[in-house]
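Good morning, colleagues. Please turn to the sequence and the structure on the screen.

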Amino acid sequence: MMRGAFVRLLLAGLLGGAPAAGAQERIQIEVESGSGRGYQVAVQSFLPRRGGFTHSEPFHSALVEGLNFSGALEVVDEAAFLEPRQTASLRGRIDCANWRGIGADGLVQGMLEVRGRELVATYRVWDTVRCRLQGSVTESRRALRERELLARSIADEIVRRFTGKRGVSSTQIAFVSDGDGQGNKEIYLMEADGGNKRAVTGNGSINLFPSWAPDGRSLVYTSFKSGRSDIWKIYRGSIPGHPLLAERAEKFRAVFDARSGRLGLVMSRGGNTDLYSVDASGAGLERLTGSRSIETSPSFSPDGRRMAFVSDRGGAPQVYLKDLGTGEERRLTFRGGYNSSPAWSPTGEWIAYTARTSGGFDLYLIDPDTGFTTPLVVHPRSDEAPSWSPDGRKIAFSSTRRGRQEIYRIDVDGRNLVRMTARFGNSSHPAWSGFLE
Amino acid sequence: MVIRILALVVLVGALGCRTTEPPAAVEEPSSSGEFGPEDGGLGDRDTTANRWADIDLRSIYFDFDDSSLKPEARQVLRHNADVLLANPDLSVQIEGNCDERGSDEYNLALGMRRAEAAMRYLQDLGVDASRLDTLSYGEENPQVSGSGEAAWARNRRDDFQPR
């Protein structure tokens, strides 16, 4: 099919140019759909009631986009429907054979209404193959202005009912960009599909390295706005009043440990950069590494027991692992002379990292237990700073493949490369949020 | 004198921050609301610079992923030390910088190491530690934009900013 050819072209483009060492080792990484064909799902337009009519079309579009975004579900073209495009009722059974007949493995039906200043969606999900409901009838509501977010979060829940793992279309990506027209690096936010980009900081200084609190309610980032590099924390709906730590030292980056809610801190005291741990309020400082070498880039395993980090203790930057229980440290990467930016996958199975190669920088995946390494993104220009989607299916990263530094995302199996920041200055350091409530 | 001016700058800076940034309201944070954006920015970065506009402090340069002082760098640092010793009122902020290649975060640490290397050498040459301060911009403050070894070589450096 055309789609398959397109994927092959993309892969050829990814692997083209400099044939990277080890590219032939590319392995297939398992995703839920297994067969390569995602679940085909028919979506009847939600029946509008009590003011829901004006919201119906945008809601439906966002729902369909959210379902398709998952990569695990594909929405069936409604031109094929043998039954009405719109939900008639949430009571009673459906004619499963009719839906199976058009290739639908599932059916989504719902109602949409306005209550006060909220949009309320009530929906149910059918497994048309077994001809039974997937879960119960569910009501979900959000403020009217969050109409698209309501649709996307319902899409993510529907993905969970089919695959067992929540979708990520309602998550967000924080990133750094100088797209303000004045060349200042500020923190920005976009939706997981790259839409609705807006500024988080606007201090005219240098702002770097956003990292999400596990609950998605705040971000920490590095800023030079006080004249020196410091860590700041910003909550939704507010602006920060003071740096996170009062400690007089250069603080280069803070990274959340999603399990404990504490922060890994990259800090230089007396010129030597080491890793520390602090709680989310900036208190309870503990030292994690103590060598004379540079240590940066902490990334915590999802169980919180281990930390990947970068050290140049062997002469050049390499990725190391630290067992936070025993304190044992060992080197993980041995191939190449400059490896950095480890990002532990939410499933715990992989660490994505940036490797310097002859042409520039490429992204690799390494198994933290066996050291098995496989290329993820290989291109003559530079690809850097990987960040995982919370379902572990996608990776956002920055790339200079079209000149300026821009943010892309790719499926972990190397498919579906998408540019997310066209015409938005130089953009870098994507930080994918966890699941948002 | 200089310290007093510096203190004033810091104080004005702090007041500036306070007027543009009301205290953060952290109650009932939501997981879907909007962040900021904060407003306000850096004030005039440096009011002491004008006084030392003609001072002859020179940058030093490094090899890739390296913070060791090359013979040329040591020669320049001896010159900078002479300038500092001849101007006892002068304090400097040593700013470490890197080229654009590699991890931005690692480069902040590397820039710090470069700044510290210069500071230690100046101290060895008799400059009092209280007149020296260090900072790293990593790869965020290039002297020359663009890629290629010519630009990179100019960006792997320490700058010496009068204070």
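I shall speak about the sheet of chain B, then its packed helix, and finally one proline.

Please bear in mind that this is a predicted model. In chain B, four strands make up an open sheet, ordered β1-β4-β2-β3, with mixed pairing. Its edges are β1, residues 60–61, and β3, residues 132–138, each of which pairs on one side only. Strand β2 of chain B, residues 92–97, runs parallel to β3(B), and six bridges join the two. Within that pairing, G96(B) has S136(B) as its bridge partner in β3(B).

Let me turn to the helix. Helix α3 of chain B, residues 104–124, packs on this sheet and touches β1, β2, β3 and β4, the last being residues 157–162. The direction of α3(B) makes about 155° with that of β3(B). Is its length what one should expect, or not? At 1.5 Å a residue, the 21 residues of α3(B) should span 30 Å, and the end C-alpha atoms are indeed 30 Å apart, so the two values agree. The helix α3(B) is mostly covered, with 17 of its 21 residues buried. Just after α3(B) comes G126(B), whose phi is positive, at about 105°.

Finally, the proline. P142(B) lies in the loop between β3 and α4 of chain B, where α4 comprises residues 149–155. P142(B) has 18 other C-beta atoms within 10 Å; a buried residue would need 20 or more, and an exposed one 12 or fewer, so P142(B) is classed as partly exposed. Leaving aside residues up to four places away in sequence, P142(B) touches E100(B) and N155(B).

How values were computed
Residues are numbered from 1 along each chain as its sequence is written. Chains are lettered from A and ligands numbered from 1 in the order in which they are written. This is a predicted model: local features need pLDDT of at least 70, side-chain atom pairs count only at pLDDT 80 or more; totals for chains, interfaces and linings use all residues. Two strands pair if DSSP finds at least two bridges between them. Two residues are in contact if their C-beta atoms, placed from the backbone, lie within 7 Å. Axes are lines fitted to C-alpha atoms, for helices over the stretch in contact, and angles run from 0 to 180 degrees between N-to-C directions. The expected span of a helix is 1.5 Å times one less than its number of residues.
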